[in-house]
Amino acid sequence: MNDATSLPPLPDHLSADPRSPHHVAAVFEHDIGIRFNDKERSDVEEYCVSERWIKIPAGKALDRKGQPLMIKLKGKVEAFYK
């Protein structure tokens, strides 16, 4: 298991999309968990802890650029390392 001192701090706003300005590659080198309304979710593409929202894919629907459509859900958000 990794030592907690070697892990980069989790940002307030993080995106899994490498084209996003909120993408931090160093964080994705480790396993990240997201707890939304006290339930762990594995389908989160983007989150913001301070604004209390997550974005998840909307099924198989794609936008005109071929990217999955996202749904924004609001609630209690916690990010942690597994």
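Two strands count as paired here if DSSP finds at least two bridges between them. The structure above is a predicted model, and the exercises below work through it.

**Exercise 1. Describe the make-up of the protein chain: how many helices and strands are there, and in what sequence do the elements run?**

Step 1. The protein chain has zero helices and seven strands.

Step 2. Read from the N terminus, the elements are β-β-β-β-β-β-β.

Step 3. For overall dimensions, the C-alpha trace spans about 40 × 25 × 20 Å along its principal axes.

Step 4. Of the 82 residues in the protein chain, 23% count as buried. Among contacts between residues at least 6 apart in sequence, 49% join residues at least 24 apart.

**Exercise 2. Work out the open sheet: in what order do its three strands lie, and which strands are at the edges?**

Step 1. Start with β2 and β3, which pair in the antiparallel sense over three bridges. Within this pairing, Arg35 stands opposite Glu40 in β3.

Step 2. Next take β2, residues 32-36, and β7; they pair in the antiparallel sense over five bridges. Here Arg35 has Glu78 of β7 as its bridge partner, and Gly33 has Phe80 of β7.

Step 3. Put together, the three strands form an open sheet in the order β3-β2-β7, with antiparallel pairing. The edge strands are β3 (39-41) and β7 (77-81), since each pairs on one side only. From one strand to the next the twist averages 35 degrees.

**Exercise 3. Examine the turn between β2 and β3: which residues there have a positive phi, and are they buried or exposed?**

Step 1. β2 and β3 form a hairpin with two residues between them.

Step 2. Asn37 lies in the loop between β2 and β3, and its phi is near 50 degrees, a positive value in a residue other than glycine.

Step 3. Asp38 is in the loop between β2 and β3. The phi of Asp38 is near 65 degrees, again positive in a residue other than glycine.

Step 4. The relative accessible area of Asn37 is 39%, so Asn37 is partly exposed. Asp38 has a relative accessible area of 53% and is therefore exposed.

**Exercise 4. Follow β5 and β6: how do they pair, and what sits over the ring of Trp53?**

Step 1. β5 and β6 pair in the antiparallel sense over six bridges. Trp53 stands opposite Lys74 in β6.

Step 2. The two strands β5 and β6 form a hairpin with five residues between them, and Gly66 in the turn has a positive phi of about 85 degrees.

Step 3. The charged end of Lys72 sits over the ring of Trp53, at 4.6 Å from the ring centre.

Step 4. As for rings paired with rings, a search of the whole structure finds zero aromatic pairs.

**Exercise 5. Place Gly75: where does it lie, why does it count as buried, and which residues does it touch?**

Step 1. Gly75 lies in the loop between β6 (68-74) and β7.

Step 2. The cut-off for buried is under 20% relative accessible area. Gly75 has 12% relative accessibility, so Gly75 counts as buried.

Step 3. Not counting residues up to four places away in sequence, Gly75 touches Phe36, Asn37, Arg52 and Trp53.

Step 4. For a distance across the chain, take Leu10, which is 65 residues from Gly75 in sequence: their C-alpha atoms are separated by 19 Å.

**Exercise 6. Identify the largest nonpolar core, then list what Phe36 contacts.**

Step 1. The largest nonpolar core has nine residues: Leu14, Val27, Ile34, Phe36, Val44, Tyr47, Ile54, Ile56 and Val77. β2 and β5 (53-62) each supply at least two residues of this core.

Step 2. Leaving aside neighbours within four places in sequence, Phe36 is in contact with Arg41, Ile54, Leu73, Lys74, Gly75, Lys76 and Val77.

**Exercise 7. Decide the status of Ser15: is it buried or exposed, and which residues surround it in contact?**

Step 1. Ser15 is in strand β1, residues 13-15.

Step 2. With 3% relative accessibility, Ser15 counts as buried.

Step 3. Beyond residues up to four places away in sequence, Ser15 touches Ser20, His22, His23, Phe28, Glu45 and Glu46.

Terms used: Residues are numbered from 1 along each chain as its sequence is written. This is a predicted model: local features need pLDDT of at least 70, side-chain atom pairs count only at pLDDT 80 or more; totals for chains, interfaces and linings use all residues. Side-chain values use heavy atoms; hydrogens and water are left out. Helices (H or I, at least four residues) and strands (E, at least two) are DSSP runs, numbered from the N terminus. Axes are lines fitted to C-alpha atoms, for helices over the stretch in contact, and angles run from 0 to 180 degrees between N-to-C directions. Buried means under 20% relative accessible area, exposed over 50%, partly exposed in between (1.4 Å probe, protein chains only). Contact means heavy atoms within 4.5 Å. A nonpolar core is a set of buried Ala, Val, Leu, Ile, Met, Phe, Trp, Tyr and Cys residues joined through side-chain atoms within 4.5 Å. Rings of Phe, Tyr and Trp (its six-membered ring) pair if their centres lie within 6.5 Å; planes under 30 degrees apart count as stacked, over 60 as edge-to-face and the rest as tilted. A charge sits over a ring if NZ of Lys or CZ of Arg is within 6 Å of the ring centre and within 35 degrees of the ring normal.
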